[in-house]
Amino acid sequence: MLYITYVDLYDKSNYGVSKKVMSQIAFFEKCFGRVYYTTCRGQMIYLMEGKRVVDKGLAITRAMCTAVIEGWLDKYRVQRSYIRYYFADKWFLELLKVQKEKGIQSVLEIPTYPYDGELAEGRLKKEDNYYRRQLCQYIEWVATNSGHASIWGMLCIPLLNGVDMEANPLCLNKNKTQKIVLIGVSSMARWHGYERLLKGIFNYYANGGERDFLFKIVGEGPESGKYQKLVAEYGLESRVEFCGLLRGEALDKQYEQADIAVSSLGLYKTGIQAVTPIKGAEYCARGIPFICGYYDMRFPEGADYIMAVPNNPEPINMHKVISFYENIVIQNGYQERMRNYALEHFTWEGIMAPIVQKLK
């Protein structure tokens with residue numbers, strides 16, 4: 001089997017994507033045995049198995065990239081493929097056409113849909129808008145978390161983002177102080193929208209707020225500099241801590257100190273209302289109540305461990321955060337309740353099973 005991606009899975013800025021892809025590959029290996037995958041770096045595309053480089057090719061253009069992958073289909077006797085969608089052009093259609101001619105079973109994953117708000121105006125967006133409507137000639141099934149029955153003439157398989165339960169242990173934070181510690185773990189993209197929380201904290205203290213807040217920001221990315229400037233502008237240096245990129249035990253330690261987690265607050269910038277981000281599942285697995293600015297279809301309506309805020313640019317109301325915190329921490333066993341929900345709904349085995357059926 002071949003898992004096709006067009007990103008650099010070993011670039012730290014793609015850590016979240018890499019975690020998801022590797023979890024999916026691990027499950028495919030249980031079902032199909034050997035699984036190769038592709039990763040791109042610079043002007044090269046690499047064929048990997050585990051952490052071993054199996055093959056590589058020059059991929060300066062999409063045409064060259066497609067030619068390399070097509071060569072690997074024969075060389076490594078690929079019988080099925082799973083493709084993480086990047087964008088459509090004539091070369092991507094060429095790859096799908098070759099797959100179909102060879103009888104390769106394939107499922108296409110669209111990580112975010114609709115995604116037009118994420119693409120800058122220009123040639124790439126125009127090409128994608130034209131060629132994506134032809135994908136249905138070569139692909140029958142598309143995996144998506146959008147809730148649609150079909151996209152561009154292809155039937156949809158519901159794909160809710162799952163979580164590696166072993167990598168996300170339960171946190172039993174027993175905060176005995178009045179300080180409320182919030183944590184946001186992300187790649188700092190514009191749709192994470194942490195400026196809403198920073199402005200909310202600023203407004204809270206500007207209006208005489210007395211509760212002690214600490215917001216820990218974990219990760220690195222395009223918005224890091226923006227958040228640092230806002231913290232300085234608002235005078236929140238004692239209220240916000242930039243932890244950098246953390247993994248493993250160092251990340252676990254930060255989670256253990258957190259009372260509330262922060263998921264994406266800026267999806268309104270992309271036009272998305274409903275989504276199932278990995279981070280929400282990870283927070284649930286760890287038993288940390290969280291704030292989010294979107295509709296997450298994985299959770300029951302009105303779940304008391306989720307503080308849903310409007311999907312708009314308004315600052316977060318910290319008085320409501322205090323009420324949310326106080327209402328949840330008085331409950332015994334809420335962490336275990338969240339963990340059990342994650343075990344029942346967010347394992348990759350359960351999520352990927354329908355996709356595996358289409359690839360058999």
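How many bridges join strand E14 to E15, and in which sense do the two strands run? The answer is 3 bridges, and the strands run parallel. One of the paired positions is easy to find: Phe290 has Ile306 in E15 as its bridge partner. Keep in mind throughout that this is a predicted model.

E14 and E15 belong to an open sheet of 6 strands. Its order is E12-E11-E10-E13-E14-E15, and the pairing is parallel. Strand E12 (240-244) and strand E15 (306-308) form the edges, each pairing on one side only. On average, neighbouring strands of this sheet are turned by 25 degrees against each other, direction ignored. Helix H8 (residues 278-286) lies across strand E10 (180-185), strand E13 (260-262) and E14. H8 runs at about 140 degrees to E10.

After E10 comes a loop that leads to helix H5 (195-206), and Met188 sits in it. The backbone of Met188 deserves a look: phi is positive, about 55 degrees, although Met188 is not a glycine. Met188 counts as buried because its relative accessibility is 0%, and the cut-off for buried is under 20%.

Go next to the loop between E15 and H9, where Asn311 is placed. Is Asn311 buried or exposed? Asn311 is buried, because its relative accessible area is 16%. Its side chain makes a polar contact with the side chain of Gln273, at 3.4 Å. Beyond its neighbours within four places in sequence, Asn311 is in contact with Arg196, Leu267, Tyr268, Ile272, Gln273 and Gly293.

The same loop leads on to helix H9. Asn317 caps the N-terminal end of H9, with a side-chain oxygen 2.9 Å from the backbone nitrogen of His319. The length of H9 can be checked. H9 has 12 residues (318-329), so at 1.5 Å a residue the helix should span 16 Å. The end C-alpha atoms are 16 Å apart, which agrees.

Which residues of H9 are buried? They are Met318, Val321, Ile322, Phe324, Tyr325 and Ile328. These residues cover an arc of only 160 degrees around the axis, so they lie on the same side of H9. The spacing has a general basis: an α-helix has 3.6 residues a turn, so residues three or four places apart point the same way. The face of H9 turned away from the buried side carries the exposed residues His319 and Lys320.

Now to the other sheet described here. It is open, has 9 strands and shows mixed pairing. The order is E4-E3-E2-E1-E5-E6-E7-E9-E8. The edges are strand E4 (52-58) and strand E8 (150-151), each pairing on one side only. Helix H2 (residues 62-75) packs on this sheet and touches strand E1 (2-4), strand E2 (36-41), E3 and E4. The direction of H2 makes about 135 degrees with that of E4.

Strand E3 (residues 44-49) contains Glu49. The side chain of Glu49 makes a polar contact with the side chain of Arg34, at 3.1 Å. Leaving out residues up to four places away in sequence, Glu49 touches Arg34, Val35, Tyr36, Tyr37 and Val54.

Move along to E5 and E6. These strands pair in the parallel sense over 5 bridges, and Tyr82 stands opposite Val107 in E6. E6 is mostly covered, with 5 of its 6 residues buried. Helix H3 (residues 90-101) lies across E1, strand E5 (80-84) and strand E6 (105-110). H3 runs at about 160 degrees to E5. In the loop between E6 and helix H4 (123-131) is Pro114. The peptide bond from Tyr113 to Pro114 is cis, with omega near -5 degrees.

At the E8 edge, 2 bridges join E8 to strand E9 (residues 154-158), and the two run antiparallel. Ile151 stands opposite Met154 in E9. Trp152 is in the loop between E8 and E9. Phi of Trp152 is near 50 degrees, a positive value in a residue other than glycine. Trp152 is buried, because its relative accessible area is 14%.

Finally, look at Trp348, in helix H11 (residues 348-359). Trp348 counts as buried because its relative accessibility is 6%. Apart from neighbours within four places in sequence, its contacts include Lys20, Phe27, Leu160 and Asp164.

Terms used: Residues are numbered from 1 along each chain as its sequence is written. This is a predicted model: local features need pLDDT of at least 70, side-chain atom pairs count only at pLDDT 80 or more; totals for chains, interfaces and linings use all residues. Side-chain values use heavy atoms; hydrogens and water are left out. Helices (H or I, at least four residues) and strands (E, at least two) are DSSP runs, numbered from the N terminus. The expected span of a helix is 1.5 Å times one less than its number of residues. Buried means under 20% relative accessible area, exposed over 50%, partly exposed in between (1.4 Å probe, protein chains only). The arc is that of the directions from the helix axis to the C-beta atoms. A polar contact is a pair of N or O atoms within 3.5 Å; within protein, one must be able to donate a hydrogen and the other to accept it, and residues adjacent in sequence count only if both atoms are side-chain atoms. Two strands pair if DSSP finds at least two bridges between them. Axes are lines fitted to C-alpha atoms, for helices over the stretch in contact, and angles run from 0 to 180 degrees between N-to-C directions. Contact means heavy atoms within 4.5 Å.
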